[in-house]
Amino acid sequence: MALLSQIYSLDNPVFTAYIFYTSILLLKMLFMVFIIGSQRIKKGIFVSEEDKALHPKAKIRHDDPDIERCRRAHQNDLENIPAFILAGALYQLTSPSAWLAIQLFRFGTIARIVHTFVYAIVVIPQPARAISFLVSYAITVYMLVQTILYVL
């Protein structure tokens, strides 16, 4: 138990970096709701009658490409960010190099932000989205593999 209190301590630079980058990722994921909402308001397109009641000229549609792009980016966050966060929490139990762990958290977070930017904010052709996705994905897999190897 003493080891856990050392690992998950604000005196540990790996843990403080983890808290910082995890918080950034969670805020980014929450921010996606506003991006989707702003697209809906800007285009006057909603998915339910009660939303349309607030905007009488709005249309009910489920196929607007810009809104769907934002929704897919958000869905991708919901599928990948929790795994990254959990992998990072487990990875810390391996007593990794502080420098390496902080870089993994940093570049995993940057990659997720870039993924959203090139997918939902300013659409940039492939391979920008694929590269940003794969960087974050590879970091998540790396942390999990290192955790498994540590406990074997």
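Okay, let's start in the middle of the thing. The largest nonpolar core here has 19 residues, and the ones with the most contacts inside it are Tyr18, Phe105 and Met143. One word of caution before going on: this is a predicted model. So who builds that core? The elements that give two or more residues to it are α2, α4, α5 and α6, where α2 covers 13-43, α5 covers 98-121 and α6 covers 128-151. Helix α2 gives the most, with seven residues.

There is also a second, separate core, made of seven residues. Among them are Ile35, Cys70, Ala73 and Tyr119.

Back to Met143 for a moment. Which residues does Met143 touch, leaving aside those up to four places away in sequence? The list is Phe84, Ala87, Gly88, Tyr91, Leu104 and Phe105.

Now, helix α4. This helix runs over residues 65-91, so to speak from Asp66's neighbour onward, and has 27 residues. From first C-alpha to last, α4 reaches 38 Å, close to the 39 Å expected at 1.5 Å a residue. That said, α4 does bend, by about 30 degrees at Asn80, and a proline, Pro82, follows within four residues. At the start of the helix, a side-chain oxygen of Asp64 reaches to within 3.1 Å of the backbone nitrogen of Asp66.

On to the charged pairs. How many salt bridges does the structure hold? Six. Let me walk through a few.

Take Lys43 and Asp66, whose side chains meet in a salt bridge at 2.7 Å, N to O. This pair links distant parts of the chain, with Lys43 in helix α2 and Asp66 in helix α4, 23 residues apart. Are these two buried or exposed? Lys43 has 28% relative accessibility and counts as partly exposed, and Asp66, at 34%, counts as partly exposed too.

Next, Glu68 and Arg71. Their closest N and O atoms are 3.1 Å apart, in a salt bridge. Both residues lie in helix α4, three residues apart, about one turn of the helix. Glu68 counts as buried, because its relative accessibility is 18% and buried means under 20%. Arg71, on the other hand, is partly exposed at 40%.

Then there's Arg112 with Asp77, a salt bridge whose closest N and O atoms are 2.7 Å apart. Arg112 lies in helix α5 and Asp77 in helix α4, so the pair ties together parts that are 35 residues apart in sequence. Where do they sit, buried or exposed? Arg112 is buried, at 1% relative accessibility, and Asp77 is buried as well, at 0%. And they have company: salt bridges that share partners join Lys28, Asp77 and Arg112 into one network.

Last stop, Ser48. You'll find Ser48 in the loop between β1, residues 45-46, and α3, residues 49-54. Ser48 is buried, with a relative accessible area of 16%. How far is Ser48 from His62 in space? The two are 9.7 Å apart, C-alpha to C-alpha, and 14 residues apart in sequence.

If you open the model afterwards, you could begin with Tyr18, Phe105 and Met143, the residues with the most contacts inside the largest nonpolar core, and then follow α4 along to the bend at Asn80. That's it from me.

Terms used. Residues numbered from 1 in each chain as written. Predicted model: local features only at pLDDT ≥ 70, side-chain atom pairs only at ≥ 80, totals over all residues. Heavy atoms only, no water. Expected span 1.5 Å × (residues − 1). Bend = angle between axes of the 7 residues up to and from the residue. Polar contact = N/O pair within 3.5 Å; in protein donor to acceptor, adjacent residues only side chain to side chain. Buried < 20%, exposed > 50% of the residue type's maximum accessible area, 1.4 Å probe, protein only. Core = buried A, V, L, I, M, F, W, Y, C linked by side-chain atoms within 4.5 Å. Contact = heavy atoms within 4.5 Å. Salt bridge = Lys/Arg side-chain N within 4 Å of Asp/Glu carboxyl O.
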